[in-house]
Amino acid sequence: MRIALFVTCLADTMFPAAAKATVRLLERLGHEVVFPAGQTCCGQMHINTGYSRDALPLVRRHVRTFAPYDVVVAPSGSCVGSVRHQHAALARSAGDGGLAARAEEVAARTYELSELLVDVLGVTDVGAYYPHRVTYHPTCHSLRMLRVGDRPLRLLRGVRGLELVELPAAEQCCGFGGTFALKNADTSAAMLADKMRHVLDTGAEVCAAGDSSCLMHIGGGLSRLGAEVRTVHLAEILAATEEP
Amino acid sequence: MTTFLGMPATAPRGVGNLRGEEPFPAAARKALGNEQLRRNLGHATATIRAKSGAVIAELPDWQELRSAGSALKADTMARLPELLLQLEENVTRAGGVVHWAADANEANRIVTELVRATGHDRVIKVKSMATQEIGLNEALEAAGIEAVETDLAELIVQLGHDRPSHILVPAIHRNRAEIREIFLREMPGVDPALTDEPAVLAAAARRYLRETFLRTRVAVSGANFAIAETGTLVVLESEGNGRMCLTLPETLITVMGVEKLVPTWRDLEVFLQLLPRASTGERMNPYTSMWTGVTPGDGPQSFHLVLLDNGRSAVLADEVGRQALHCIRCSACLNVCPVYERTGGHAYGSVYPGPIGAVLSPQLTGVEDNASLPYASSLCGACFDACPVKIDIPSILVHLRGEHVRARRRPTPESIAMAAAAYTMDHPRLFAAAQHAARLSRFAGRRLPRPFNGWTASRDLPPPPPETFRDWWAKR
């Protein structure tokens, strides 16, 4: 299958390992990955902070960039959530019905990584090997905007050598929330403190998630604590094999 | 003939309890520093969440019930003027008197005059969000009328000279030791040997309240629902104090937000299932009181209904925001909100705290008066999932953020940064250049400068990678 990668601005800039792993994984499974030029950002940060007017050109750019592809994947529940639940609505409220219709078409073909693997490609055992004790944070937008359910856990259970440990209060927000972490830094830090305590309680070596943004937040907190736990994107675990 | 009533106005300033004294982040900081408060809140919300989750799981048709509640509310809002007139007609026919109050000032004036006309100077109150919203107790006090709250938690808040911090459990931020202190200090005739056993505390409150019920002739209530078809008012409660207030006095005055309507008697069935399970985690609330006008020789012989707007018409005029009027005040959104759980209700500065408060308060007052509230959420979406009438709170929050940004006259550092980021992201070459610049930035991997230093106060930025994804891709 020919799959267009929507890398997301954060993964592109700060966490390319997650995006590279997505490419390696899909190619290993026998698919062709293309990287449409001209893509930058879905505009979620602008929309969620109230700058919908600034976001509109970004939505237009995103729709134009990805309209030619049958299947689009992003290693981010949050950005796919924005594409699926915000783009058409924003276009419609700006009075651009044509853009809204095209945005809906792109949204219907855009998948978060675990959705693509399980629902479209029909795999839960991707042939990965990752001999570590891992706990999984489901991330709010994957959980509630996309309803990915247990797809990531099914994928992780198919990984050889991986010991999956349950995260207490997994469904509680880590406190990132985009600009929420800046505008309400103290409340965000209090939410993060509880999330980190739960992660540490599991005794896991690795905290995994499907969103680089949440991992940046949790990882940034764990690093400040001097904790040994690493934060790793789901794609990196699924891309890992016995060959170095 | 038509009468122009003017554009829908927001709730007036200087009266009522919809506006906080400081922005959310500042108020939240104080609450976050109070360990006792955070323990009380964490314990209470976790308990209610578990209880509610268990009784909701018993119903095979919970999702259908939610959809039915949502559809009934949407229909009611679409026909609100017509249904309100129908309610007025039926209440009047049953011997009640209907008053229309455009805002808090008018409602307070109407109630004060009604109490004065009875010749009494004390009222007993059924727990009511609407009267708290308009600051009725304060208005009555200024007129020399004593208002006694009879809901146990409201009484604790009133005696403690405190403010409620939860819609359903106003004293959620207090533990029993604190409550004992308040009773000893403030409750008339309390036994000085009072312990902090819940049963002992409840008995003390009961003794005090019984005496007050029996010697007070005027009651003020709110209403959970009003049935347009029959003119019936409905109050749901757990303690029986409401039942006492609604039956013993000679005069009953009900203050109700105009959105509390349901079209028909039959519609009530849906809400009587949704509300108790979502709010207190009960299969059915212990007391459901209904009254239609007056009944000679039985219960209050004089009944007044005050229909309160106080900004609601303005909310109704907003296509996205009007869903907030569907709220049945169950507080399920508070109990699942990770922000509320850590800051408590006072940080929201309004009688409506938590996620629903973050969308309702700024709409009732105008967003500029509560500008920090739409941002008091990480948009995690737990409130939307918990809401028994499916109010899409995250979408309204985002909508109100947009309203706030659009209403600002002058550019701010944030708006300039946002515009610059959007421009850069709309030009891929510029974006790539900005990525390289960010990587070389002296801030990379260290603490951020203002206004981003709040983030790096408790978190480390990761070191930037040696190359971006698009650079790596280009070299493949």
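This is a stop-by-stop tour of a predicted model, from the interface between chain A and chain B to single residues.

**Stop 1: the interface**

Show chain A and chain B together. Select the residues of each chain that touch the other. You should pick up 61 residues from chain A and 59 residues from chain B. The size of an interface is often given as the accessible area lost when the parts come together. For chain A and chain B the buried area is about 5200 Å². Carbon and sulfur atoms give 58% of that area.

Now turn on polar pairs across the boundary. There are 31 residue pairs in polar contact between chain A and chain B, counting pairs with both residues at pLDDT 80 or more. Colour the chain A side by element. Helix α12 of chain A, residues 185–202, gives the most to this side, with nine residues. Then colour the chain A side by residue class. The split is 29 nonpolar, 20 polar and 12 charged.

Which salt bridges cross here? Chain A and chain B share nine salt bridges. Zoom in on one of them, Lys183(A) with Glu414(B). The closest N and O atoms of this pair are 2.6 Å apart.

**Stop 2: the nonpolar cores**

Hide the interface display. Select Phe183(B), Met187(B), Phe225(B), Leu233(B), Leu305(B), Tyr348(B) and Ile356(B). These residues touch the most other members of the largest nonpolar core, which has 138 residues.

Centre on Phe225(B). Leaving aside neighbours within four places in sequence, Phe225(B) is in contact with residues including Thr232(B), Leu233(B), Val234(B) and Leu236(B). Its contacts also include Lys260(B), Val262(B), Leu268(B), Phe271(B), Leu275(B) and Ile328(B). Apart from the largest core lies another, of 39 residues. To find that core, select Ile3(A), Leu5(A), Leu117(A) and Tyr136(A), which are among its members.

**Stop 3: Ile227(B)**

Move to Ile227(B), in strand β5 of chain B, residues 225–227. Is Ile227(B) buried or exposed? Its relative accessibility is 0%, so Ile227(B) counts as buried. Show what surrounds the residue. Beyond four places in sequence, Ile227(B) touches Leu87(B), Thr232(B), Val234(B), Val262(B), Pro263(B), Thr264(B), Trp265(B) and Leu268(B). Next, draw a C-alpha distance from Ile227(B) to Arg266(B). The two are 39 residues apart in sequence and 9.3 Å apart in space.

**Stop 4: salt bridges within the chains**

Turn on salt bridges everywhere. The whole structure has 40 over all chains.

Select Asp96(A) and Arg60(A). They form a salt bridge, with the closest N and O atoms 3.3 Å apart. Asp96(A) lies in the loop between α6 (87–93) and α7 (97–108) of chain A, and Arg60(A) in helix α4 (residues 52–66), so the pair ties together parts that are 36 residues apart in sequence. Asp96(A) is partly exposed at 23% relative accessibility. Arg60(A) is partly exposed too, at 32%.

Select Arg151(A) and Asp119(A). Here the closest N and O atoms of the salt bridge are 2.9 Å apart. Arg151(A) is in helix α10 (residues 151–157) of chain A and Asp119(A) in helix α8 (residues 113–120), so this pair links parts that are 32 residues apart in sequence. Asp119(A) is partly exposed, at 43% relative accessible area.

Switch to chain B and select Arg79(B) with Asp75(B). This salt bridge has its closest N and O atoms 3.0 Å apart. Arg79(B) is partly exposed at 27%, and Asp75(B) is partly exposed at 30%. Then select Glu133(B), Glu259(B), Arg312(B) and Arg329(B). Salt bridges that share partners join these residues into one network.

**Stop 5: positive phi**

Stay on Arg329(B). Most residues other than glycine have a negative phi. Arg329(B) has a positive phi of about 60 degrees, although it is not a glycine. Arg329(B) is in the loop between α13 (312–316) and α14 (332–336) of chain B. At 9% relative accessibility, Arg329(B) counts as buried.

Jump to Ala169(A). Its phi is positive as well, about 50 degrees. Ala169(A) lies in the loop between β6 (163–165) and α11 (180–183) of chain A. Ala169(A) is partly exposed, at 42% relative accessible area.

**Stop 6: Thr424(B)**

Finish at Thr424(B), in helix α19 of chain B, residues 413–425. Thr424(B) is buried, at 18% relative accessible area. Beyond four places in sequence, Thr424(B) is in contact with Leu430(B), Phe431(B) and Ala434(B).

Key: Residues numbered from 1 in each chain as written. Chains lettered and ligands numbered in written order. Predicted model: local features only at pLDDT ≥ 70, side-chain atom pairs only at ≥ 80, totals over all residues. Heavy atoms only, no water. Contact = heavy atoms within 4.5 Å. Buried area = accessible area lost by both parts, 1.4 Å probe. Salt bridge = Lys/Arg side-chain N within 4 Å of Asp/Glu carboxyl O. Polar contact = N/O pair within 3.5 Å; in protein donor to acceptor, adjacent residues only side chain to side chain. Helix = DSSP H or I, 4+ residues; strand = E, 2+ residues; numbered from the N terminus. Nonpolar A, V, L, I, M, F, W, Y, C, P; charged D, E, K, R; others polar. Core = buried A, V, L, I, M, F, W, Y, C linked by side-chain atoms within 4.5 Å. Buried < 20%, exposed > 50% of the residue type's maximum accessible area, 1.4 Å probe, protein only.
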